[in-house]
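Welcome! Here is a short briefing to read alongside the structure, grouped by topic.

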Amino acid sequence: MARLESKIAIITGASRGMGTSHARRFVAEGAKVILTDLNAATGEALAQELGPNALFVAQDVTNSADWARVVKAAEECFGPVNVLVNNAGILGAMAKTADIGEDDYLKVIAINQHSVYLGMHHVIPSMQRAGGGSIVNISSIAGLVANYGFPSLAYVGSKFAVRGMTKATAVEYGPDRIRVNSVHPGFIMTPMMVEATNEEGGDATSLIPLGRIAEPEEVTNLVLFLASDESSYISGAEHVIDAGMTAQ
Ligand code: NAP
């Protein structure tokens with residue numbers, strides 16, 4: 001049996017990188033998936049390719065009205081939502097605390113942190129109508145430690161916040177059978193990683209005990225598990241997928 005049979009899932013940032021990988025696998029595992037992203041052309045094409053169980057809705061994850069529109073479209077097309085993957089995010093300006101401008105700082109906080117509040121805020125009532133659900137918030141190893149590589153305090157701060165918001169919401173909504181978990185990837189080969197390492201100019205693999213950068217599909221395996229009923233007793237927890245980077 002498909003592992004996401006009867007799941008109706010929203011995945012943000014689905015037009016490229018890990019979001020695309022999650023969307024492909026979720027549909028293959030029997031879910032009905034609402035893909036959202038700023039990049040409508042690529043998202044529409046992907047949804048088209050994935051067939052009738054995929055719907056693309058253009059969305060800025062920092063916009064509350066956009067979230068209301070996404071949930072409405074999901075319910076009208078497929079029914080109440082029982083999986084939310086808050087995946088959209090940016091690395092933002094790579095600058096030290098005294099150098100990063102306020103606008104750059106606030107942009108990262110808006111896209112990486114405020115969006116996670118908005119997503120959970122808008123989707124939880126739909127999950128309550130569905131009788132429960134699973135929220136997967138994509139944080140980072142930068143939500144656990146700050147002493148590697150290039151992220152700014154804005155990225156680190158936003159990803160630490162996602163971890164705390166995950167726990168708060170998991171405790172509040174356990175009685176509604178809504179599970180909430182955070183995922184903490186290390187270095188994953190996506191457009192974001194390519195842009196970051198080009199700018200940084202360093203050899204990212206030297207920091208990784210397994211000696212290689214992961215493919216997006218390796219993170220999808222974990223997100224799929226957390227979205228499915230296979231993780232039925234797991235909530236409020238951090239799930240690290242970093243080839244041992246934070247064990248150092
Ligand atoms: P990516 O390749 O840059 O993809 C992110 C997607 O999010 C893009 O399609 C982007 O659209 C979209 N997006 C950005 N801002 C948005 C907004 N305001 N509203 C809607 N969509 C927006 O990134 P990724 O590497 O797959 O990262 C996915 C998540 O994993 C992020 O939360 C990231 O912080 C986290 N993460 C990544 C790594 C890594 O090594 N790659 C490691 C740890 C954590 P545009 O292209 O149009 O901007």
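At the start of helix α3, a side-chain oxygen of Asn 63 comes to within 2.9 Å of the backbone nitrogen of Ala 65. Helices (H or I, at least four residues) and strands (E, at least two) are DSSP runs, numbered from the N terminus. This is a predicted model, in which local features need pLDDT of at least 70 and side-chain atom pairs count only at pLDDT 80 or more, while totals for chains, interfaces and linings use all residues. Residues are numbered from 1 along each chain as its sequence is written, and side-chain values use heavy atoms, with hydrogens and water left out.

**Helix α3**

- Helix α3 covers residues 64-77, and its 14 residues should span 20 Å at 1.5 Å a residue (1.5 Å times one less than the number of residues). The end C-alpha atoms of α3 are 20 Å apart, which agrees.
- Which residues of α3 are buried? They are Asp 66, Trp 67, Val 70, Val 71 and Ala 74; buried means under 20% relative accessible area, exposed over 50%, and partly exposed in between (1.4 Å probe, protein chains only).
- These buried residues cover an arc of only 135 degrees around the axis, so they sit on the same side of α3. The arc is taken from the directions from the helix axis to the C-beta atoms.
- An α-helix has 3.6 residues a turn, so residues three or four places apart point the same way.
- Exposed residues Ala 65, Lys 72 and Glu 76 are carried on the face of α3 turned away from its buried side.
- The buried residues of α3 pack against β1, β2 (32-37), β3, β4 and α4, where contact means heavy atoms within 4.5 Å.
- Just after α3, Gly 79 has a positive phi of about 125 degrees.

**The sheet and the helices on it**

- Seven strands form an open sheet in the order β3-β2-β1-β4-β5-β6-β7, with parallel pairing. Two strands pair if DSSP finds at least two bridges between them.
- The edge strands, β3 (54-58) and β7, each pair on one side only.
- From one strand to the next, the twist averages 20 degrees; axes are lines fitted to C-alpha atoms, for helices over the stretch in contact, and angles run from 0 to 180 degrees between N-to-C directions.
- Four bridges join β4 and β5 in the parallel sense, and Leu 84 has Ile 135 in β5 as its bridge partner.
- Helix α4 (residues 102-130) lies across β1 (8-12), β4, β5 and β6, and runs at about 175 degrees to β4.
- Helix α5 (residues 153-173) also packs on the sheet, where it touches β5, β6 and β7. The direction of α5 makes about 160 degrees with that of β6.

**Helix α7**

- The 12 residues of α7 (residues 216-227) should span 16 Å at 1.5 Å a residue, and the end C-alpha atoms are indeed 16 Å apart.
- Among the buried residues of α7 are Pro 216, Val 219, Leu 222 and Val 223.
- The buried residues of α7 pack against α1 (17-28), β4 (83-86), β5 (133-138), β6 (178-185) and β7 (238-241).

**Two residues to look up**

- Ser 182 is in strand β6 and is buried, with a relative accessible area of 1%.
- The side chain of Ser 182 makes a polar contact with the side chain of His 184 (2.8 Å). A polar contact is a pair of N or O atoms within 3.5 Å; within protein, one must be able to donate a hydrogen and the other to accept it, and residues adjacent in sequence count only if both atoms are side-chain atoms.
- Arg 24 is in helix α1 and is partly exposed, with a relative accessible area of 38%.
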